[in-house]
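Work through the exercises below with the sequence and the 3D structure at hand. Each task is followed by a solution in steps.

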Amino acid sequence: MAKTISITQKRVKIIEKLISAGVTTEEQIKKITPSDLTGIKNISFTDILLVCELQECVKNNTVYSFLAKKEE
């Protein structure tokens with residue numbers, strides 16, 4: 001049976017993918033485009049949506065909230 005992961009785990013995994021791809025600063029997160037994201041190995045549409053959400057949180061200084069937010 002497939003193991004389900006929480007939304008928090010998904011958010012941490014996308015941050016790990018960004019770091020692995022060389023995105024290591026808030027400024028880089030703010031500037032990354034969907035086109036840039038398609039070049040990252042094993043990135044899904046859901047991941048791209050999470051990155052967009054992360055970008056908003058970085059801009060608003062609410063990254064902790066991004067990680068701690070419960071499933072909607």
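**Exercise 1.** State what percentage of the residues in the protein chain is buried.

Solution. Buried means under 20% relative accessible area, exposed over 50%, and partly exposed in between, with a 1.4 Å probe and protein chains only. By this cut-off, buried residues make up 26% of the 72 residues in the protein chain. The model is predicted: local features need pLDDT of at least 70 and side-chain atom pairs count only at pLDDT 80 or more, while totals for chains, interfaces and linings use all residues. Residues are numbered from 1 along each chain as its sequence is written, and side-chain values use heavy atoms, with hydrogens and water left out.

**Exercise 2.** Describe the secondary structure and the overall dimensions of the protein chain.

Solution. Step one is to list the elements: helices (H or I, at least four residues) and strands (E, at least two) are DSSP runs, numbered from the N terminus. The protein chain has five helices and zero strands, which gives the pattern α-α-α-α-α along the sequence. Step two is the radius of gyration, taken over C-alpha atoms and set against a globule rule of 2.2 Å times the number of residues to the power 0.38. The radius of gyration of the protein chain is 12 Å, close to the 11 Å that the rule gives for 72 residues, so the chain is as compact as a globular protein of that length. Step three is the box: the C-alpha atoms fill roughly 40 × 25 × 15 Å along the principal axes.

**Exercise 3.** Find which helix gives the most residues to the largest nonpolar core.

Solution. A nonpolar core is a set of buried Ala, Val, Leu, Ile, Met, Phe, Trp, Tyr and Cys residues joined through side-chain atoms within 4.5 Å. The largest one has 16 residues, and Leu18, Leu37 and Val51 are among those with the most contacts inside it. Helix H1 (7-20) and H4 each supply at least two residues of this core. H4 gives the most, with six residues.

Next, take two core residues in turn. Leucine 37 lies in helix H3 (residues 34-37) and is buried, because its relative accessible area is 1%. Contact means heavy atoms within 4.5 Å. Leaving aside neighbours within four places in sequence, leucine 37 is in contact with Leu18, Ile32, Ile43, Ile48 and Val51. From leucine 37 to leucine 18 the separation is 19 residues in sequence and 8.7 Å in space, C-alpha to C-alpha. With the same exclusion of neighbours, valine 51 is in contact with Ile14, Leu18, Ile32 and Leu37.

**Exercise 4.** Decide whether valine 58 and glutamine 55 are buried or exposed.

Solution. Valine 58 is in helix H4 (residues 45-59) and counts as buried, because its relative accessibility is 7%. Not counting residues up to four places away, valine 58 touches Glu26, Ile29, Lys30 and Val63. Glutamine 55 also lies in helix H4 and is buried at 11%. Leaving aside neighbours within four places, the contacts of glutamine 55 are Ile29, Lys30, Lys31 and Ile32.

**Exercise 5.** Locate asparagine 42 and asparagine 61, and give the phi of each.

Solution. Asparagine 42 lies in the loop between H3 and H4, with phi near 60°. At 60% relative accessibility, asparagine 42 counts as exposed. Asparagine 61 lies in the loop between H4 and helix H5 (63-68). The phi of asparagine 61 is positive, about 55°, although this residue is not a glycine. Asparagine 61 is exposed, with a relative accessible area of 71%.
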